[in-house]
Structures are given as structure tokens and as C-alpha cells.
Amino acid sequence: MNSIPGNIREIAEGYKKEGEVIEVFPAKIELKSNVYYYFNYIPKNEKLLVKENGSILPVDQIEWEALVANSYNNAINVFSTVGENWKRRKTLQIYKNVQKQLHQVEPLFRGVPMEMKEAYSDYCRIPKVVIENQEIIVNNVKKALEHVKHLRETELISYEDYSYLLSLQLGLAEAGTKQNEVQMETYHSRVKVLRYLKEMKTSLFDVKTIYAIKMLKFHHKRMHTDQPRTKSEHEDMKEAYRLKEESKLPITERTGASEILNGLRNPR
């Protein structure tokens, strides 16, 4: 707040209610040739859009601008919280190990019935899909946070910046969803493969193969079944699907648009 012009700060303070804290968007946002400051009043999370010249337009004149600014701000929060958390997980290390373990037991699936070969092949899809999409997650989070850091320095955001960050957010959601889906899709194949391995005389195997089977069982228990593991994960997946579908809609028609506009402190 201390870095913005005094007259703009005074305007924002004039809309503040007792006990509230004001957050200001980390940069000005330029939309349709106009530049705005975007304020958030905590804890109510009500917003105020102020033009660079100090004027405050009524809600019906800045609906699109307010929704774009809010969506951009939400994307920043997603990357700095959920995205950063996904990026820090040891997913790459874990699934590279699963890949090695599946390779170790591959000789045991030579000459088996086609149904079992297909189950083993299906199982092998998991590390491949998870690793590919974890790399997307890591790269998208890195790009997004570098992008936000750059805009904090330039202090000006364009519609192109908004579109770029939204595409990274969509890619993040899709990658996380694919990681979950491949585990659910292959659940019955995993069960079939592990049951087959359990029925074999493991005493005949070398130490590496015995260890690989043990670790495959360990990781299997921590993967999805044919359903999300928790209600929270189910909601996360629904949110990813929603984000993908709603990205095709005009921003004014997306879920929550009316609530955001109702929370604006601009005049009506």
C-alpha cells in the first residue's frame, strides 16, 4: 500500500470498514486501454477497482475488468499455494522408482497369457504418465512464479499476461488430474499383477526381484483405487474439470462471476 500514489491510497482507505485490512494487487492492470488498481478488503474479500486517474466506475461498466483482475489474482494464489505444494512433492523420485521396479519384474511376464501381459503393460503406464505430468507441473509452477516476480518489478499487467497465467493454471490442473486418473484407470490391472506375483514362489527370485515386488505392493497401497482416495481429492478433480470446461466460456458466464461482482465496492 505504501508504494502506490497517496491520492489512490486515500481513495482505497475511504472504502475501508472498521477492523479491515486492505491488500492491493501486486501491480496495476491495463485492460481495454485503461489502467486500474485492484484492492481487496480483508476479511470480507470485497474488492474495489480504481482507475489510475482516481475515478471509480460503476460496476456495470467494469464487470469484465473486475473478473479478469480477480481471476489473475486467484491464479497467483493457486500457484503460490497448491502449485508450490505439488512441485515440492517427491513425485518424480517415487515414480522413477516404480518404473525401475516394474522393469525389474518384467521377465516374469514373458510367456504369460495375453490378459496378464496386458495388465502388466497397463501397470507400466502409471510411472510414464505421472512423470510426464509432474514435469509439466514443475515447469508451469516455475514459469508462473517467475512471471509474477517479473510483473512485481514492472508493476503493470496486460490482458496477455492474464491469458498466459491462466493457460499455465489450466495446464497445472490438467496435469494433476491425469496423474490421478491413470492410477484410478489401472487399479484393477495393478491388483491382477500383484496377485499374480503373490502366487509365485518368491523364494526362487533373486534379492532385487523380491525387493521390487515388495516396493510395488508398498506404492500400490498409496495410489488411487478406482475412486479418489478422499473427498478433498474428489473435489480437486471436479474443480480441474470445471476449470477446463469454463475456460471456453466468456468470463462473465463462469461459476462465481455474480458473487465476485456482488462483492465489488464500486458504485451501482
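Which residue in E3 does leucine 31 stand opposite? In this predicted model, leucine 31 stands opposite asparagine 34 of strand E3.

## Strand E2 and its partners

Strand E2, which covers residues 28-31, has side chains that alternate between two faces: Ile29 and Leu31 point to one face and are buried, whereas Lys28 and Glu30 point to the other and are not buried.

E2 is joined to E3 by three bridges, and these two strands run antiparallel. The hairpin that E2 and E3 form has two residues between the strands, and lysine 32 takes a positive phi near 50 degrees in this hairpin. E2 is also joined to strand E5 (residues 156-157), here by two bridges and with the strands running parallel; in this pairing, lysine 28 stands opposite leucine 156 in E5.

## Asparagine 40 in strand E3

Strand E3 spans residues 34-42 and includes asparagine 40. Asparagine 40 counts as buried because its relative accessible area is 8%, which falls under the 20% cut-off.

When neighbours within four places in sequence are left aside, asparagine 40 is in contact with Val21, Ile22 and Glu23, and also with Asn45, Glu46 and Lys47. With asparagine 45 there is, in addition, a polar contact of 3.2 Å that joins the two side chains. Asparagine 70, which is 30 residues away from asparagine 40 in sequence, lies 9.7 Å from asparagine 40 in space, C-alpha to C-alpha.

Methods: Residues numbered from 1 in each chain as written. Predicted model: local features only at pLDDT ≥ 70, side-chain atom pairs only at ≥ 80, totals over all residues. Heavy atoms only, no water. Helix = DSSP H or I, 4+ residues; strand = E, 2+ residues; numbered from the N terminus. Buried < 20%, exposed > 50% of the residue type's maximum accessible area, 1.4 Å probe, protein only. Contact = heavy atoms within 4.5 Å. Polar contact = N/O pair within 3.5 Å; in protein donor to acceptor, adjacent residues only side chain to side chain. Pairing = 2+ DSSP bridges.
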